[in-house]
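This report is meant for a reader meeting the structure for the first time, and it moves from one chain to the nonpolar cores and then to a pocket. Please look over the sequence and the model before reading on.

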Amino acid sequence: MAFSYGSCSQEFGNFPVAPLPVAVIVGYDENDKRIDSTGSQGDDVRVTVTRNGTVIETTPDVPNDGTTEIPYNTTLQNGDLLCVQSSFDGFVTFAVACKQIPTPAFGFVPITAET
Amino acid sequence: MAFKISLQNCKIEASNCAGGAPITAIFTFFDADGNEGTATLTGTKNAINAINDTTFLLIDGDPAVDTIVTPFGNVTVVFAFDASYNVNENIRVELNVVDCMGFRNISPAVGFTNAIMTHTNQYLEDGDDHYIAFIT
């Protein structure tokens, strides 16, 4: 009995590797309603806005040129989580980078006499 | 006269930053005539949030630079007041924050009275009627 191995002797060389997306969120502009995704790598980028654990907006995909400012509609509030997503495959897979809007708070010291 | 500000029960939330990262907290003061003043605090998030009822931010209208010493490091305070600002007639205080990533809050924390602060028998509340302190 002879065994014949099929043509499985492939050359183990350099196979094309799909690029991995990179998401970056630099900042936001509530007046212009745009989020700066400069540094993101991917064909397309988009934004999600999460409030109290619920995604309240996912923006349409926009082509990424590496300095893309992504428009959004939500009126932002303190504590909102802003995320940039970047993808090479139509968001079948994607990278995510998130930042949260800070929330200030303070109190006055109770006093019992004028100072 | 002066008043004192504390973060003892109301910490700044800046989740983009570790406790040792630098943030900036900007207090803005408004007197009954619309004159303004500011106190700009720089320090780590933990240091600024360590300002409390005993290690407080004192507002007396003096434009000098101040340092608040906390267990988490020093907080530098730079004051700036309109020449006509009257601390005895302060009626409103706002707090805005810039975190370590440059992210700013959308709306300020606000404390105000419905009358000129006399520091007796008045309460201060923020914009959504949350009590901040009762001053006796």
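In this predicted model, 54% of the contacts in chain A between residues at least 6 apart in sequence join residues at least 24 apart. The secondary structure of chain A comes to 0 helices and 9 strands, so that from the N terminus on its elements read β-β-β-β-β-β-β-β-β. Further values for chain A are set out below.

| Property of chain A | Value |
|---|---|
| Residues counted as buried | 43% of 115 residues |
| Exposed area | about 6900 Å² |
| Share of exposed area from carbon and sulfur atoms | 53% |

The largest nonpolar core has 31 residues, and those touching the most other members are B:Ile5, B:Phe27, B:Phe29, B:Leu41, B:Leu57 and B:Ile59. At least two residues of this core come from each of several elements of chain B, including β2 (22–31), β3 (36–44), α1 (45–49) and β7 (90–98). Leaving aside neighbours within four places in sequence, B:Leu57 is in contact with B:Phe3, B:Lys4, B:Ile5, B:Phe27, B:Leu41, B:Ile51, B:Ile68, B:Val77 and B:Phe79. A second, separate core of 17 residues has A:Ile35, A:Val45, A:Leu76 and A:Leu82 among its members.

Finally, the largest pocket has a volume of about 200 Å³. Its lining includes A:Asn78, A:Thr103, A:Pro104 and A:Ala105, together with B:Lys11, B:Glu13, B:Ser107, B:Pro108 and B:Ala109, and the lining residues divide into 4 nonpolar, 3 polar and 2 charged.

Note on methods: Residues are numbered from 1 along each chain as its sequence is written. Chains are lettered from A and ligands numbered from 1 in the order in which they are written. This is a predicted model: local features need pLDDT of at least 70, side-chain atom pairs count only at pLDDT 80 or more; totals for chains, interfaces and linings use all residues. Side-chain values use heavy atoms; hydrogens and water are left out. A nonpolar core is a set of buried Ala, Val, Leu, Ile, Met, Phe, Trp, Tyr and Cys residues joined through side-chain atoms within 4.5 Å. Buried means under 20% relative accessible area, exposed over 50%, partly exposed in between (1.4 Å probe, protein chains only). Helices (H or I, at least four residues) and strands (E, at least two) are DSSP runs, numbered from the N terminus. Contact means heavy atoms within 4.5 Å. Accessible areas come from the Shrake-Rupley method with a 1.4 Å probe; for residues, only the protein chains shown count as cover. On a 1 Å grid over the protein atoms alone, a cavity is a set of points where a 1.4 Å probe fits but cannot get out, and a pocket is an open set with protein on both sides within 12 Å along at least five of seven lines; lining residues have an atom within 4 Å of a point. Grid points are joined across faces, edges and corners, and a volume is the space filled by probe spheres set on the points. Ala, Val, Leu, Ile, Met, Phe, Trp, Tyr, Cys and Pro count as nonpolar, Asp, Glu, Lys and Arg as charged, and the others, Gly among them, as polar.
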